[in-house]
Amino acid sequence: MLQKVVIIGAGPAGLLLAHYLLRRRKYCVELYERRSDPRVVDASQDRTFPISLQERGRKAIRALAGLEEAIAQAGVFCNGSVMHRKQGKARKISRATPLLTIDRNRLVMILLQHLTQTYSSEQLLVKFGYQCVQVDRRAKTVTLQMGQGEAFAVAYDALVAADGARSHVRDYLAQDAGLQCEQNYVPDAYKSVFLSRLNPALGLELEHDKIHGWNRDNKTRMLMVPQPGERLNGVIIFDAQENPLSSLSTKEEVLTFFQENFPLFGQLMSQEEAEAFLHRPVGRVLTVSCARFHDGDSILLIGDAAHAVSPSIGQGCNASLEDVLIFGQLLEQYEDDWELVLPAFSEQRVPDAHALGELSNYSFPRTKTLVLEFFLRLTMSRLLHRWFPKWVKPFVFDLVLDRDLSYSQVLNLSQGWINKVKRSSPHAS
Ligand SMILES: Cc1cc2nc3c(=O)[nH]c(=O)nc-3n(C[C@H](O)[C@H](O)[C@H](O)COP(=O)(O)OP(=O)(O)OC[C@H]3O[C@@H](n4cnc5c(N)ncnc54)[C@H](O)[C@@H]3O)c2cc1C
């Protein structure tokens with residue numbers, strides 16, 4: 001008899017886990033997602049942003065035939081970044097291994113399409129517009145609700161919380177099962193921005209294979225990532241306490257703001273985007289740190305629900321996909337005995353998630369002098385590592401992105417730098 005796994009949340013982690021479970025032929029999966037079905041509703045500009053995937057995330061996707069190719073086709077490979085500025089030449093940072101960048105909602109769409117094309121409705125049920133509102137771990141039921149409609153309970157053999165940083169299932173475990181969990185907002189807020197890479201009238205064309213950044217000062221910056229074709233999607237990031245956008249009330253003011261503060265990007269913004277930007281919500285990032293990622297033999301926390309981090313080093317999604325790879329390996333190792341798999345997952349993954357939290361908070365500094373030191377260290381370590389690989393180790397970014405090391409190992413090797421940035425940070429705890 002198949003085990004019934006109910007997954008809450010059809011983000012990257014929930015969808016990839018459904019793939020991993022179903023291919024084992026021992027499970028049937030019911031997946032409930034609060035948002036609307038992206039195959040029906042155009043979600044292309046709805047709460048989305050570009051995600052960069054490197055080996056950690058990609059090896060989890062690669063395990064499923066054809067998936068990495070499909071994602072690569074819908075994304076863009078970037079082999080470096082360009083930091084633009086008002087005066088002086090733009091600063092270029094190259095990457096030996098290109099990053100695969102893809103819009104979050106497009107990534108979700110491809111994972112979903114592959115899933116529904118591969119498995120029948122007897123094995124897989126995916127329901128959009130359904131929100132998890134309650135859990136009863138003793139009765140092994142989860143309560144769902146569509147809009148303001150009547151709530152109903154669904155029974156499970158195993159329940160997976162893949163419902164993101166503001167996980168309802170995690171809150172329930174914190175209240176009912178003594179799960180220790182710390183949550184903090186990062187000081188930054190962000191708003192999505194959608195531009196064109198080209199402005200033929202001004203003879204402007206930004207490189208299609210580079211991430212484009214602009215630091216206005218140490219509080220406000222933009223990060224724009226090429227999409228297939230001419231699109232350039234990204235975010236403006238700013239201090240949540242000093243929102244520089246709060247006084248903007250017309251599209252003319254939006255255009256002037258970008259033209260004055262980020263002149264290059266301002267020239268690539270259309271009138272329509274300026275209008276849409278006004279109405280787009282401001283996003284806040286919640287970080288989450290839990291003492292364990294499971295409860296008993298039947299509840300698993302995965303992805304952002306277990307360990308949401310600051311996006312500063314682009315690892316949240318990579319780590320969420322890596323969770324799935326590791327969980328899949330443990331299912332294999334313990335022959336699908338969840339009583340053994342779940343604690344083993346917590347034991348292996350919690351230290352790495354905590355290390356990732358530190359790396360995400362403190363790899364990239366905020367003070368001007370440390371930013372200069374950061375780029376100097378990055379350049380020097382690359383040069384010296386090439387000449388003396390035994391003596392000089394790569395700098396923290398390159399260790400995270402290009403090495404097959406766990407986050408705990410990277411933190412260990414980078415502790416000196418992380419401590420230095422931490423000491424300079426007003427928000428450090
Ligand atoms: C601006 C920004 C840039 C980022 N850039 C990168 C990057 O470059 N690289 C990288 O690796 N990561 C990046 N991240 C992080 C990445 O987006 C997340 O780590 C990743 O999306 C986590 O996937 P997930 O499936 O765990 O959670 P989510 O993507 O949050 O998905 C959770 C899903 O659960 C649903 N849900 C929530 N509550 C309920 C409920 N009660 N009932 C039913 N459904 C529910 C939500 O609607 C959502 O669809 C970035 C994040 C931000 C904000």
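Trainee: Is valine 82 buried or exposed?
Mentor: Valine 82 is buried, at 3% relative accessibility. Buried means under 20% relative accessible area, exposed over 50%, and partly exposed in between, with a 1.4 Å probe and protein chains only. This is a predicted model, where local features need pLDDT of at least 70, side-chain atom pairs count only at pLDDT 80 or more, and totals for chains, interfaces and linings use all residues. Residues are numbered from 1 along each chain as its sequence is written, and side-chain values use heavy atoms, with hydrogens and water left out.

Trainee: Which strand is valine 82 in?
Mentor: Strand S4, residues 76-84. Strands (E, at least two residues) and helices (H or I, at least four) are DSSP runs, numbered from the N terminus.

Trainee: And what does valine 82 touch, leaving aside neighbours within four places in sequence?
Mentor: Ala90, Arg91, Lys92, Glu207, Lys210, Ile211, His212 and Gly213. Contact means heavy atoms within 4.5 Å. Histidine 212 is 130 residues away along the chain, yet its C-alpha atom is separated from that of valine 82 by 5.0 Å.

Trainee: Which strand does S14 pair with?
Mentor: S14 (residues 211-215) is joined to S15 by four bridges, and the two run antiparallel. Two strands pair if DSSP finds at least two bridges between them. Tryptophan 214 is opposite methionine 222 in S15, and a hairpin of five residues links S14 to S15.

Trainee: What comes after S15?
Mentor: S15 also pairs with S16 (residues 231-239), antiparallel, over six bridges. Methionine 224 faces glycine 234 in S16. The S15-S16 hairpin has four residues between the strands, and glycine 229 in the turn has a positive phi of about 80°.

Trainee: How many residues of S15 are buried?
Mentor: Five of the six residues in S15 (221-226) are buried, so the strand is mostly covered.

Trainee: Changing topic. What is the strand order in the six-stranded open sheet?
Mentor: S6-S2-S1-S10-S19-S18, with mixed pairing. The edges are S6 (124-128) and S18 (294-295), each pairing on one side only. S1 (residues 3-8) and S2 (residues 27-33) run parallel and share six bridges, with glutamine 3 opposite tyrosine 27 in S2.

Trainee: Which helix lies across that sheet's strands?
Mentor: Helix H1 (residues 12-22) lies across S1, S2, S6, S10 (158-161) and S19 (299-301), and runs at about 170° to S2. Such angles run from 0 to 180 degrees between N-to-C directions, with axes as lines fitted to C-alpha atoms, for helices over the stretch in contact.

Trainee: What about the three-stranded open sheet, how are its strands ordered?
Mentor: S7-S8-S9, with antiparallel pairing. S7 (130-136) and S9 (152-155) are the edge strands, each pairing on one side only. The twist averages 35° from one strand to the next. Six bridges connect S7 to S8 (residues 141-146), and aspartate 136 is opposite threonine 141 in S8.

Trainee: How many disulfides does a search of the whole structure find?
Mentor: Zero. A disulfide is a pair of cysteine sulfur atoms within 2.5 Å. For cysteine 28, the nearest cysteine sulfur is that of cysteine 132, 18 Å away.

Trainee: Why is cysteine 78 not bonded to cysteine 317?
Mentor: Because the sulfur of cysteine 78 is 16 Å from that of cysteine 317, its closest cysteine sulfur, which is too far for a bond. Cysteine 78 is buried, at 1% relative accessibility, and cysteine 28 is buried too, at 17% relative accessible area.

Trainee: Now the ligand. How many residues surround it, and which are the closest?
Mentor: 31 residues surround the ligand, and the closest are Glu33, Ser52, Asp304, Gly316 and Cys317. A residue counts as near if one of its heavy atoms lies within 4 Å of the molecule or strand in question.

Trainee: Which ligand atom does arginine 104 approach?
Mentor: An oxygen atom, which lies 3.0 Å from a polar side-chain atom of arginine 104. A ligand oxygen is also 2.6 Å from an N or O atom in the side chain of glutamate 33. A ligand nitrogen is 2.9 Å from a polar backbone atom of cysteine 132.

Trainee: Last one: where is glutamine 54?
Mentor: In the loop between S3 (50-53) and H2 (55-62). Glutamine 54 is buried, with a relative accessible area of 3%. Not counting residues up to four places away in sequence, glutamine 54 touches Leu99, Gln315, Asn318, Val400 and Leu401.

Notes: Polar contact = N/O pair within 3.5 Å; in protein donor to acceptor, adjacent residues only side chain to side chain.
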